[in-house]
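I opened this one to see how the sheet is put together and where the pockets are. Notes follow in the order I looked things up.

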Amino acid sequence: MNNVDEIVKKALSFVGQKEKGANNSGFENEWFEDLLRSVGWTYGQEWCGYAQMAVLKGLIDEDKYKLLSPSVNQTYMNFKKAIPEALVKEPKAGYLVLFSLYKDGNITWKGHIGLVTSIVDDITFRSAEGNGNSKGGSRGDEFVNIARKVDFSPKKNGLVLRSFVNLTV
């Protein structure tokens, strides 16, 4: 069961959900907090990965769902091991988008994850992301749908696009 329209619609329905307070300490809407808790989120944890797990729960095959992790790098490694052909370089609506965080030119264990909601042009896509902000950072307090560039260029510091994940293979 891989209904791209349903996945994108569900992701977009979360846009505007916000944390209450700061430091990943809960959410303004109790139903959203309950939803994230149902996939494993607890107070203090960054929640971009949990948000995508909540989006995809019940909408993708269980075998693929089990490859998702709150850790972006673990999600990447799980798909690389189990379904390497799912890791692709071109975005399509319904694909996950994985970013790795670089510090001093080196990849860290941290990252960020979103879900491609639309293709804007040859180099731009829109991504629905939890724990985001309107500037594209991974340290935000809301669920956003923002424009991002297809750019795998290494950076000394910051988020670097690592891969898209085709959930339909």
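**Pocket first**

I started with the pockets, and the largest one has a volume of about 210 Å³. Before going on, a reminder to myself: this is a predicted model.

Which residues line the largest pocket? I listed Gln45, Glu46, Cys48, Tyr50, Pro70, Ser71, Val72, Asn73, Trp109, Lys110 and Gly111. By class, that lining splits into 5 nonpolar, 4 polar and 2 charged residues. I then checked which elements give two or more residues to the lining, and they are α3, α5 and β3. The largest share belongs to β3, with 3 residues.

**The sheet**

Next I traced the strands. I get an open sheet of 6 strands, in the order β1-β6-β2-β3-β4-β5, with antiparallel pairing. Why do β1 and β5 each have one side without a neighbour in the sheet? I find β1 (87-88) and β5 (142-149) at the edges, each with a single partner strand, so one side of each stays without a neighbour there.

As a note for the margin, strands of a sheet pair through backbone hydrogen bonds, either parallel or antiparallel.

I went through some of the pairs one by one:

- β2 (residues 96-103) pairs with β6 (residues 158-165) in the antiparallel sense, and I have 7 bridges for them. For phenylalanine 99, I looked up the bridge partner in β6 and got leucine 161.
- β2 and β3 run antiparallel and are joined by 7 bridges. Here leucine 96 has leucine 115 of β3 as its bridge partner.
- β3 and β4 are antiparallel too, with 5 bridges. Isoleucine 119 has its bridge partner in β4, phenylalanine 125.

**Helices on the sheet**

Two helices that came up at the pocket also pack on the sheet, so to speak of each in turn:- Helix α3 (residues 48-56) packs on the sheet and touches β2, β3 (106-121), β4 (124-132) and β5. I get about 40° between its direction and that of β3.
- Helix α5 (residues 72-82) packs on the sheet as well, touching β1, β2, β3 and β6. The direction of α5 makes about 75° with that of β3.

**Hairpins and positive phi**

I looked at the turns next. A hairpin joins β3 to β4 through 2 residues. The hairpin of β2 and β3 has 2 residues between the strands, and aspartate 104 takes a positive phi there, near 55°. I placed aspartate 104 in the loop between β2 and β3, and noted that the positive value is in a residue other than glycine.

Where does asparagine 131 sit? I found asparagine 131 in strand β4. Its phi is near 60°, again a positive value in a residue other than glycine.

**Salt bridges**

Last lookup: how many salt bridges does the count come to? I get 3. One that I checked by hand is glutamate 33 with arginine 37, where the closest N and O atoms are 3.4 Å apart. Both residues lie in helix α2 (residues 30-38), 4 residues apart, about one turn of the helix.

Definitions and conventions:
Residues are numbered from 1 along each chain as its sequence is written. This is a predicted model: local features need pLDDT of at least 70, side-chain atom pairs count only at pLDDT 80 or more; totals for chains, interfaces and linings use all residues. Side-chain values use heavy atoms; hydrogens and water are left out. Two strands pair if DSSP finds at least two bridges between them. Contact means heavy atoms within 4.5 Å. Axes are lines fitted to C-alpha atoms, for helices over the stretch in contact, and angles run from 0 to 180 degrees between N-to-C directions. On a 1 Å grid over the protein atoms alone, a cavity is a set of points where a 1.4 Å probe fits but cannot get out, and a pocket is an open set with protein on both sides within 12 Å along at least five of seven lines; lining residues have an atom within 4 Å of a point. Grid points are joined across faces, edges and corners, and a volume is the space filled by probe spheres set on the points. Ala, Val, Leu, Ile, Met, Phe, Trp, Tyr, Cys and Pro count as nonpolar, Asp, Glu, Lys and Arg as charged, and the others, Gly among them, as polar. A salt bridge is a side-chain nitrogen of Lys or Arg within 4 Å of a carboxyl oxygen of Asp or Glu.
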